[in-house]
Amino acid sequence: MNNYSLLQKLKQEFFGGWTKFEATWLLLFLTIQIVIFIIEPDSWLATIAAITGILCVVFVGKGKISNYFFGFISVSLYAYISYTFKLYGEMMLNLLVYVPVQFIGFYFWSKNMTSENTLNQSGAQEVIAKALTLKQWILLLIITPIGTLAYIEYLVYLGSSAAWLDGATVVISIVAQVLMILRYREQWALWILVNIMTISLWAYMYFHHGETSTPLLVMYIMYLCNSVYGYYNWIKLEKRHNNIAYT
């Protein structure tokens, strides 16, 4: 592949396939984070984590594989920030799970991208989405609560600042991340739940400990909004792709 072809492919990946609503949505989110940085300039690490995190989740919602590039930057910084707030569950989740998952997810998605019969009108590549079966849903509802209770006990032992919220957020996030790697649209139902709990977690840190990260709190509010739209978009993706053979 020559340099021109590579540039064209990158241009299509980053800028192709956006509707006016989606582009406005993304620019609004980024503008809010920049304004927060101007108001609270000492939190530049959190601001970078928030901006790259927003780019990541919005790109996931569009089924764009480049989400993993932004995700790697965001989760690496978020792991460090969580450590400084003694949110050990969040720190371990991002450092030990999310960082390596960016590479694993990129590998699996790269084998299941399509530029045919795409939801977007420009022909930009999208990941081929799938839907859980009833049996898979039942298995999910059994494994997740068991894993959550076990991990909460571990965090209590470590002295986590908010063991119950921290533990539940971590386990459900891991399950959602697995669904994301495997391209299941139901990941978004779990991300909605995770985002609500994480917003509660950072709010808890403020009301009970007098400290929080404003950029990250706002980031998760934006994540919640994007998760609702992401679920809606992936339902359409799955319906559009269900006639395409995938592994």
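This is a short dialogue on reading helices and single residues in a predicted model.

Visitor: Start with helix packing. At what angle do helix 5 and helix 7 pack, and how far apart are their axes?

Guide: Take the angle and the axis distance together. Helix 5 spans residues 88-110 and helix 7 spans residues 163-181. They pack at an angle of about 0 degrees, with axes 10 Å apart. Angles under 35 degrees count as roughly parallel, so helix 5 is roughly parallel to helix 7.

Visitor: Which residues make that contact?

Guide: Read the list one helix at a time. Helix 5 contributes Y88, G89, E90, L93, V97, Y98, V101, I104, G105, F108 and W109. Helix 7 contributes D166, T169, V170, S173, I174, Q177, M180 and I181. By class, the residues of this contact are 12 nonpolar, five polar and two charged.

Visitor: Pick one of those residues. Is Q177 buried or exposed?

Guide: Buried means under 20% relative accessible area. Q177, in helix 7, has 5% relative accessibility, so it counts as buried. Then look at its partners. Leaving out residues up to four places away in sequence, Q177 touches Y98, V101 and W191. Y98 and V101 are among the helix 5 residues of the contact.

Visitor: Helix 5 also meets helix 6. At what angle do they pack?

Guide: The angle is about 115 degrees, and the axes are 10 Å apart. Helix 6 covers residues 134-158. On the helix 5 side, the contact uses Y88, G89 and M92. On the helix 6 side, Y151, Y154, L155 and L158 take part. The split is six nonpolar, one polar and no charged. Y88 and G89 appear here and also in the contact with helix 7.

Visitor: What about M91? Where is it found, and what does it touch?

Guide: M91 is found in helix 5. Its relative accessible area is 17%, so M91 is buried. Neighbours within four places in sequence aside, M91 is in contact with A79, S82 and Y83. For a sequence-versus-space check, use L77. M91 and L77 are 14 residues apart in sequence, and their C-alpha atoms are 9.7 Å apart.

Visitor: Now a single helix. How far does helix 2 reach from its first C-alpha to its last?

Guide: Compare the span with the expected one. Helix 2 (residues 20-39) has 20 residues and reaches 29 Å. That is close to the 28 Å expected at 1.5 Å a residue.

Visitor: Which residues of helix 2 are buried, and which are exposed?

Guide: Look around the axis. E22, W25, L26, F29, L30, Q33 and I36 are buried. They cover an arc of only 120 degrees, so they sit on the same side of helix 2. K20, T24, L27, I38 and I39 are exposed on the other side. The cover over the buried residues includes helix 3 (44-61) and helix 9 (214-241).

Visitor: Which residues does N233 contact?

Guide: Place the residue before listing its partners. N233 is in helix 9. It is buried, at a relative accessible area of 3%. Beyond neighbours within four places in sequence, N233 contacts E22, G61, K62 and L119. E22 is one of the buried residues of helix 2.

Visitor: Last, a backbone feature. What is the phi of R183?

Guide: Check the sign, then the residue type. R183 has a positive phi of about 75 degrees, although it is not a glycine. R183 lies in the loop between helix 7 and helix 8 (187-209). Its relative accessibility is 3%, so R183 counts as buried.

Terms used:
Residues are numbered from 1 along each chain as its sequence is written. This is a predicted model: local features need pLDDT of at least 70, side-chain atom pairs count only at pLDDT 80 or more; totals for chains, interfaces and linings use all residues. Side-chain values use heavy atoms; hydrogens and water are left out. Axes are lines fitted to C-alpha atoms, for helices over the stretch in contact, and angles run from 0 to 180 degrees between N-to-C directions. Helices (H or I, at least four residues) and strands (E, at least two) are DSSP runs, numbered from the N terminus. Angles under 35 degrees count as roughly parallel, over 145 as roughly antiparallel, 65 to 115 as roughly perpendicular and the rest as oblique. Contact means heavy atoms within 4.5 Å. Ala, Val, Leu, Ile, Met, Phe, Trp, Tyr, Cys and Pro count as nonpolar, Asp, Glu, Lys and Arg as charged, and the others, Gly among them, as polar. The expected span of a helix is 1.5 Å times one less than its number of residues. Buried means under 20% relative accessible area, exposed over 50%, partly exposed in between (1.4 Å probe, protein chains only). The arc is that of the directions from the helix axis to the C-beta atoms.
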